[in-house]
Amino acid sequence: MKKSVRNLIGITVAFLSVNTPVTSKAQEAKNETFGFAKFQKEKAFTPIVGIESWFTYSMNEVKNDVEYANRPDASFRRLRFGAKGTPYSWLSYEIEFNMDRLGEDSYASTKGSYNGFDIWKAFISARLSNDDLLHLQAGYYWAAISLDYMASPWSVSSFDKTRSDWHLRNFMTGRGSGIESGVGLSGLKNFNGFGINYQIGAFSPAAYNGPEHANPLFTGRVMFSVGDPEQKSYKIRHAGNHWNARNGVTIGLGGATMGKADNSSGTAYNNSKAYGADISATTGGLKVEGEYYKMQREASGMNDYEGTEWFVRCGYNILVKGTFVEPTFTYDSYKGEGEKALYKYIGDDKSFDLGVNWYLNKDKLKLSLHYVNQKGSCSSNVGDYLGMALQVRL
């Protein structure tokens, strides 16, 4: 009996020793089969913190024919916090809150349309292909069709994003941020010396939701790059500064359209559209970029609205002891004609920005000193200001 037990144990051990590697390999293969569901703990959560403090001195400001006294002002232009992560190799998310323009003097020459506590963005992005060609986004994000629309305010070389593109964003979505709820596809493909980026989407602007009409805003944008690619790997937003590492040109074409819709005042638009082109050229430390976009809207019994926005911006990086010093200038212009019921900003809005940025840790730690001149008949306020900004991002 004892001998038979010993024989059984011996056979069992021999069987396990032969079959355990096979079983382990089978288990590993099974795990690989479900690799898309593998949780990436170390990449699942990254905090977002961004602070931009402005110190300005406003001069020669006029609003509604009333002259304001010259004045200094200190404020938090941007205060952002949230989180992002890639919990799975194919799935990422971003959620961010804002408390912008805290402490801003309402009589200062600085402009902006959003303030207080709000959700800035909240969306998920799923990679649907093995490469970067197909990504799906869903949530609250940019209904972008142009260069400056998609640019991050943290990375532009001007003191702030252009006022002209603010009109494009506001026209399309009814929000100065240009962010709305929607779903879209985007991606990129790079070849040897040539690349293509694209993004398309369908959004539901809250400003144009009404009881009688419900039409989505459709957007599309495609970018063609020659030389070094605009992006080596896919990101939903593009780099503002390439830190002397790119020699290439990117040309973008964008457009948006929306069918019959209501606005908050009860006016029904027959249709609304925007379209145009932009360019970004970088060689070493020099970057020149600009855009030109048209906006049109029609309604029965009213004069059509037609608007044009454009800008040109130039910056040059000078490497100084491991940091980048960037002299820069920007000129932007908006002009709108037609019925105010279709778009309330009828007239012109122009600004000129001349300054210098010092990137101590690229755009994670940045100091700026700029002079900004603003003019225009439809501007919320006009006048000059000197501005100094400190930007810190984690």
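Author: A salt bridge is a side-chain nitrogen of Lys or Arg within 4 Å of a carboxyl oxygen of Asp or Glu. In this predicted model, E52, R77, R78, R101, E104 and D160 are linked in a network of such bridges. A search of the whole structure finds 23 salt bridges.

Reader: What makes D131 and K189 a salt bridge?

Author: Their closest N and O atoms are 3.8 Å apart, and the cut-off is within 4 Å, so the pair counts. D131 lies in the loop between β5 and β6 and K189 in strand β7, so the bridge ties together parts that are 58 residues apart in sequence.

Reader: Why is D131 called partly exposed?

Author: Its relative accessibility is 32%. Buried means under 20% and exposed over 50%, so a value in between is called partly exposed. K189, at 34%, is partly exposed too.

Reader: And why does K287 count as buried?

Author: K287 has a relative accessible area of 11%, and the limit for buried is under 20%, so the label fits. Its salt-bridge partner is E289, at 3.8 Å from N to O. E289 is buried as well, with 9% relative accessibility.

Reader: How do you know that K366 has no salt bridge?

Author: The nearest side chain of opposite charge, E326, is 5.9 Å away. A salt bridge needs a distance within 4 Å, so this pair does not qualify. K366, in strand β19, is nevertheless buried.

Reader: Which backbone oxygen lies 3.1 Å from a polar atom of the K366 side chain?

Author: That is the backbone oxygen of V156. K366 is also in contact with residues including W154, W358 and Y359.

Note on methods: Residues are numbered from 1 along each chain as its sequence is written. This is a predicted model: local features need pLDDT of at least 70, side-chain atom pairs count only at pLDDT 80 or more; totals for chains, interfaces and linings use all residues. Side-chain values use heavy atoms; hydrogens and water are left out. Helices (H or I, at least four residues) and strands (E, at least two) are DSSP runs, numbered from the N terminus. Buried means under 20% relative accessible area, exposed over 50%, partly exposed in between (1.4 Å probe, protein chains only). Lys and Arg count as positive and Asp and Glu as negative; His and the chain ends are not counted. A polar contact is a pair of N or O atoms within 3.5 Å; within protein, one must be able to donate a hydrogen and the other to accept it, and residues adjacent in sequence count only if both atoms are side-chain atoms. Contact means heavy atoms within 4.5 Å. Lists of a residue's contacts leave out its neighbours within four places in sequence.
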